[in-house]
Amino acid sequence: MRNNSSIPPEFNKFFWDVDINKLDVWNNRCFIITRILNFGDLEAVRWLFKTYGEETIKETVKISRSLLPKPAGFWQAYFDLKEEEIRCFKVYKEIEGFFNF
């Protein structure tokens, strides 16, 4: 991980519900990585790879419960992961049908 203690201010738009100045880049890495993988642009994803490295991002894809299905599918293919390795797919399968309207 690059020794960088803050999220670039131009990424504030991806963190509309939190104060990015209060996020710790290392301690809040799962939240930051997941949020950018879900809503970020190419510049933000490049920052992720420079800041955290491929292995940390891959592990986050595997363990995050809040990664959305479409980005999860993209990163599953990118990292050549099996569906059962990705936690968010399990979460979505468990709640499938829970909100049957």
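# Briefing: a predicted all-helix model

Among contacts in the protein with a separation of 6 or more, 47% join residues 24 or more positions apart. This is a predicted model. The protein has five helices and zero strands. From the N terminus on, the order of elements is α-α-α-α-α. The protein has 101 residues, and 37% of them count as buried.

**Helix 1 against helix 2**

- Helix 1 covers residues 29-39, and helix 2 covers residues 42-52.
- The two helices pack at an angle of about 150°. Their axes lie 9 Å apart.
- Angles over 145 degrees count as roughly antiparallel, so helix 1 and helix 2 are roughly antiparallel to each other.
- The crossing of helix 1 past helix 2 is left-handed.
- On the helix 1 side, the residues that meet helix 2 are Arg29, Ile32, Ile33, Ile36 and Leu37.
- On the helix 2 side, the partners are Ala44, Val45, Trp47, Leu48 and Tyr52.
- By class, this contact of helix 1 with helix 2 holds nine nonpolar residues, no polar residues and one charged residue.

**Helix 1 against helix 3**

- Helix 1 also packs with helix 3, at an angle of about 85°. Here the axes are 10 Å apart.
- Angles of 65 to 115 degrees count as roughly perpendicular, so helix 1 is roughly perpendicular to helix 3.
- Helix 1 brings Arg29, Cys30, Ile33, Thr34 and Leu37 to this contact.
- Helix 3 brings Thr56, Ile57, Thr60, Val61 and Ile63.
- The residues of the contact of helix 1 with helix 3 divide into six nonpolar, three polar and one charged.

**The buried side of helix 3**

- Helix 3 spans residues 54-63. In helix 3, Thr56, Ile57, Thr60 and Val61 are buried.
- These buried residues cover an arc of only 140° around the axis, so they sit on the same side of helix 3.
- Helix 1, helix 2 and helix 4 are among what covers the buried residues of helix 3.

**The two faces of helix 4**

- Helix 4 covers residues 69-78.
- In helix 4, the buried residues are Pro71, Ala72, Trp75 and Gln76.
- Seen down the axis of helix 4, these buried residues fall within an arc of 140°, so they line one face of the helix.
- The face turned away from the buried side of helix 4 carries Lys70 and Ala77, which are exposed.
- Just after helix 4 comes Asp80, with a positive phi of about 55°.

**A closer look at Glu43**

- Glu43 is part of helix 2.
- Glu43 has a relative accessibility of 46%. Partly exposed means between 20% and 50%, so Glu43 counts as partly exposed.
- Leaving out residues up to four places away in sequence, Glu43 touches Glu10 and Phe11.
- Glu43 and Phe11 are 32 residues apart in sequence. Their C-alpha atoms are 9.1 Å apart in space.

**Residues to find in the structure**

- Arg29, Ile33 and Leu37 of helix 1 meet helix 2, and Arg29, Ile33 and Leu37 also take part in the contact with helix 3.
- Thr56, Ile57, Thr60 and Val61 of helix 3 are buried, and these four also help make the contact with helix 1.

Key:
Residues are numbered from 1 along each chain as its sequence is written. This is a predicted model: local features need pLDDT of at least 70, side-chain atom pairs count only at pLDDT 80 or more; totals for chains, interfaces and linings use all residues. Side-chain values use heavy atoms; hydrogens and water are left out. Axes are lines fitted to C-alpha atoms, for helices over the stretch in contact, and angles run from 0 to 180 degrees between N-to-C directions. Angles under 35 degrees count as roughly parallel, over 145 as roughly antiparallel, 65 to 115 as roughly perpendicular and the rest as oblique. A crossing is left-handed if the near helix is turned anticlockwise from the far one by less than a right angle, and right-handed if clockwise. Contact means heavy atoms within 4.5 Å. Ala, Val, Leu, Ile, Met, Phe, Trp, Tyr, Cys and Pro count as nonpolar, Asp, Glu, Lys and Arg as charged, and the others, Gly among them, as polar. Buried means under 20% relative accessible area, exposed over 50%, partly exposed in between (1.4 Å probe, protein chains only). The arc is that of the directions from the helix axis to the C-beta atoms.
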